[in-house]
Amino acid sequence: MNTLLRSVCRTGGLVKRVCRLPKHSASLPQCHQPVAAQFRFMSSDPTLTSALNNEILHEEGGSEILDVSKSDLQIGDFSKSVEGATIVLKKSQGGETIRVELNVNNMTELAPAEDDPEETPPQYLPSFKIEVSKPQGKLVFNCNYHMAAEAQMQNTEQYVISEVSYMSPGQGEDLAFTTDFGNLDYTLIEEFENYLSRRGLGPEFSVALFEMSSAFEHQNYVDFLKNVRDFVN
């Protein structure tokens with residue numbers, strides 16, 4: 001015959017539960033944690049929070065993080081706007097509209113190291129797009145920065161054009177013909193680079209864009225760490 005025993009189990013002197021003995025058991029069962037206490041334990045993660053705090057301290061380095069979206073940091077005569085993780089630079093001159101778009105997501109890579117790959121710091125290698133638009137169409141240049149060899153300083157004075165395409169008015173990017181920039185005739189490569197330099201997209205622009213976007217990427221990474229810490233805490 002089943003025997004029903006009523007016992008009062010207390011947690012902190014506040015929570016009361018009814019415990020049932022299993023069949024043929026001669027002793028009282030151990031009472032489990034109340035659901036509320038289990039939820040409190042699962043809704044925070046102190047070890048992850050600690051790791052996030054350490055990374056935040058490391059990234060902040062005791063200095064103030066530059067907020068690129070609110071700062072007066074500019075590049076030449078380009079206007080600047082920020083949307084999420086994307087910087088957009090824009091200007092109009094001589095019947096043309098020049099637009100530069102750079103998204104900082106997933107723009108760090110590890111340089112190959114022969115001795116100890118784990119000791120190689122990641123390099124920030126942003127890619128971006130330059131558009132030169134007129135009523136009759138648009139030239140689009142897909143660009144990026146070179147990875148520096150181990151123990152060398154990264155050269156930010158010259159970005160690399162990887163592809164170039166032309167779009168007719170209303171034509172989508174996926175329908176436009178795109179060619180590998182490196183496969184063009186050398187003279188044509190030089191003239192395209194001069195074409196961009198004459199529009200304020202030369203070495204000074206290259207350095208300024210790298211520095212601005214690097215600060216923006218760092219700002220976004222620290223914000224990410226803080227948001228995740230607040231979420232799991």
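A residue is called buried here when its relative accessible area is under 20%. In this predicted model, that criterion is met within helix α4 by F205, S206, L209, F210, M212, S213, A215, F216, Q219, V222, L225 and V232. An α-helix has 3.6 residues a turn, so residues three or four places apart point the same way. The buried residues of α4 pack against α2 (46–60) and against the strands β1 (79–83), β2 (86–93), β3 (96–103), β5 (122–124) and β6 (127–134). Helix α4 covers residues 203–232, and its 30 residues should span 44 Å at 1.5 Å a residue; the end C-alpha atoms are 44 Å apart, in agreement with that value.

The sheet is open and consists of 7 strands in the order β1-β2-β3-β6-β7-β8-β9, with antiparallel pairing. Strands β1 and β9 (178–180) form the edges, each pairing on one side only. From one strand to the next, the twist averages 20°. Between β2 and β3 the antiparallel pairing extends over 8 bridges, and S92 has T97 of β3 as its bridge partner. Helix α3 (residues 186–197) packs on the sheet through contacts with β3, β6, β7 (137–144) and β8 (160–167), and its direction makes about 100° with that of β7. Helix α4 lies across β1, β2, β3 and β6 and runs at about 150° to β2.

Strand β3 also contains E96. With a relative accessible area of 6%, E96 falls under the 20% cut-off and is therefore buried. The side chains of E96 and R199 are joined by a polar contact of 2.8 Å. Leaving aside residues up to four places away in sequence, E96 touches K91, V132, S133, K134, Y195 and R199.

Notes
Residues are numbered from 1 along each chain as its sequence is written. This is a predicted model: local features need pLDDT of at least 70, side-chain atom pairs count only at pLDDT 80 or more; totals for chains, interfaces and linings use all residues. Side-chain values use heavy atoms; hydrogens and water are left out. Helices (H or I, at least four residues) and strands (E, at least two) are DSSP runs, numbered from the N terminus. The expected span of a helix is 1.5 Å times one less than its number of residues. Buried means under 20% relative accessible area, exposed over 50%, partly exposed in between (1.4 Å probe, protein chains only). Contact means heavy atoms within 4.5 Å. A polar contact is a pair of N or O atoms within 3.5 Å; within protein, one must be able to donate a hydrogen and the other to accept it, and residues adjacent in sequence count only if both atoms are side-chain atoms. Two strands pair if DSSP finds at least two bridges between them. Axes are lines fitted to C-alpha atoms, for helices over the stretch in contact, and angles run from 0 to 180 degrees between N-to-C directions.
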